[in-house]
Amino acid sequence: MTTALEARNLRKQYPDTLAVDGVSFDVEEGICFGLLGPNGAGKTTTVEIIEGVTPATSGQVFYYGEPAGARFREEAGIQFQNTALQDYLSVVETLQMFQSLYERKADLPQIIEDCSLGELLDRDNRKLSGGQRQRLLLAVALVNNPKLVFLDEPTTGLDPQARRNFWSLVDRIRGNGTTVILTTHYMDEAEILCDEIAIMDAGKIITRGSPSELLQAQYKNVIIELPLADVTGDLSSVDPKISETRQVVEVATDDVNAMLQTLANNTSGLNRVKIRQPNLEDLFLDLTGHSLRA
Amino acid sequence: MLHRIFAIFRARNLEFVRDRSSMGWNIVLPVILVFGLSFVFANERNQFTVGVLNTQPVEVPNEHSFFDVRYIDFVNIVDRDTGFRKVSRHQLDLLVEFGDVNQYWVNPESPKGYFAELALLQSDANSTLQKQKIVGDAIRYVDWVLPGILGMNMMFSCLFGVGYVVVRYRKNGFLKRLRATPLRSIEFVIAQVASRLLLILAITAFVYAGTHYFLDTRMEGSLLTLFLVALLGAVSLISLGLLVAARVTSEELAGGLLNMTTWPMMMLSGVWFSLESAGEWVNRVANIFPLTHILSAAREIMIDGAALSDIASQLTILTAMSIVFLLTGAAIFRWRAQ
């Protein structure tokens, strides 16, 4: 496999905060790489350093083995988390303007079709809904037929249907051989889209690998979840995790039958019990000791 | 490079043209001012104004009885040519000189000059005065103020229309998005200059043509030379706007800085009134502003019929200012808000 992107020991020091603290990773060509973490973890700063829009305090970024420069800017497509577009331009004018900034050109009608913008071409940028706007921003990121696409929190604020449509779109992009770097704090999004993830917290990468590998390495069991109100006895012997926010108790076990028997003896009933596989959110909680959306 | 500049240039033009309120204001404001001032100052001077020629370094006491006549402002004129020019333009009703030879100059086409002359002759019992005639059409206030208003409109449009917009782009993240493309800062800056230049020249030409047609304003020189002044003047003002906005991230601060830049020019560059009689230091300070050189060159062309060579110094200064502002602005340009 070819390494498309390599970040070496990136560091970003603001006057009162160390936002990125020695982050290093590489991304293979053609995969979807997810950078996960809660708000304030440093993932957006890390990505913006790589994109070249935020200067690093120290560290280096390599694109196909060369320091990221003019070639990187020509071949990368970027969707920022918050981007204003030029007022009074229509969707198609916006796409044409951005495409004119590159030597590389994608097939614009194809992008318009892929991003379902056909019916919006003459609409003023300012009159787009949240989902329409996200699709336009993704289309803008694709106008140069990029070899590498950055998507920063692309589905934040979208309704569930729009999120799913967006996932299909990202899947198609990756299917074309484009490398995708996704930052998100939605664990379900990362599990569905990413071949590989890195979890960040407090400016550092705390673990890295494919979602399934990370979960298998961390967990040999399943999680049983029941409402806190149903607990009547002492569960300290099974090492419960209590979520005050969600008002639930979670216990991990590799012997479901035995655990259910224990719970039956210490609760008002098992009618509301849920059994599930551990997910990335559980992994993050175990690794950092706090919730992703804290 | 050119295709990138053209892409930003075109997008900015579309934004401006489609923002009808802004574009309308750019056209309506100077028209209202020119026509309004033309009406208000149609009978601008009620007093008589007589120049007293005194080329001596020290002021000579005036003992002639003419100086006792009421309702006449006597102003000291040290330069003979300046005095003649003002009489020819009806800016002085009469020019008098008392010395070895007592003489006066009057414009026979000036009604106020006629009455000022009667008052002079009546006050001179010995009739020793020699009469000289100077002809020329009157310079109305609207003729004088038209370059000022057009220049002021250019100044506001260039500084706020570029400086403020760049800060808005920076604050809302549009510049950051452009930064992630192959577009370079100098290309962005050139596109902004070109876009505003095209629009402001079109608007200025339109307003000038309209006022010239309806108010028959004076134009003694070449339109091409005047266009060159407008072109270089607009470039210098746009470059100044870009320099002011090169690093600012707050619209409030940008507004303050732009006001701090525009208001001294409004007051000291001779938009509304001449600063000829103001102190020397005022004129020195005024010379640091591009608008001063734009207005001085434009008035020389429109009122005096100056040729290109006559205004070469102003054009040179405007070119130098543009280069300094533009290069400094591009060098310190910041794409991001933080």
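Trainee: In this predicted model, which residues touch the most other members of the largest nonpolar core?

Mentor: A nonpolar core is a set of buried residues joined through C-beta atoms within 7 Å. Here that core has 142 residues, and those touching the most other members are Ala139(A), Val180(A), Met155(B), Cys158(B), Leu159(B), Val229(B) and Leu242(B). Helix H5 of chain B, residues 141-172, gives the largest share, 18 residues.

Trainee: What does Leu242(B) touch, leaving out residues up to four places away in sequence?

Mentor: Look for Val162(B), Gly163(B) and Val166(B), then Val189(B) and Gln192(B), and finally Phe325(B), Leu326(B) and Gly329(B). There's also another core apart from the big one, with 18 residues, including Val50(B) and Leu92(B).

Trainee: Okay, strands next. In which sense do S1(A) and S2(A) pair?

Mentor: Two strands pair if there are at least two bridges between them. S1(A), residues 3-13, and S2(A), residues 18-28, pair in the antiparallel sense over 8 bridges. A hairpin of 4 residues joins them, and you can spot Lys12(A) opposite Val20(A). S1(A) also pairs with S4(A), residues 58-63, in the antiparallel sense, over 5 bridges; there, Glu6(A) has Phe62(A) as its bridge partner.

Trainee: And how many residues of each chain are in contact with the other chain?

Mentor: Contact means C-beta atoms within 7 Å. By that rule, 22 residues of chain A meet 20 of chain B. On chain A's side, helices H2 (70-75) and H3 (91-100) are the elements giving two or more residues, and H3(A) gives the largest share, 4 residues. That side divides into 12 nonpolar, 5 polar and 5 charged residues.

Terms used:
Residues are numbered from 1 along each chain as its sequence is written. Chains are lettered from A and ligands numbered from 1 in the order in which they are written. This is a predicted model: local features need pLDDT of at least 70, side-chain atom pairs count only at pLDDT 80 or more; totals for chains, interfaces and linings use all residues. A residue is buried if 20 or more other C-beta atoms lie within 10 Å of its own, exposed if 12 or fewer, and partly exposed in between; C-beta atoms are placed from the backbone. Two residues are in contact if their C-beta atoms, placed from the backbone, lie within 7 Å. Ala, Val, Leu, Ile, Met, Phe, Trp, Tyr, Cys and Pro count as nonpolar, Asp, Glu, Lys and Arg as charged, and the others, Gly among them, as polar.
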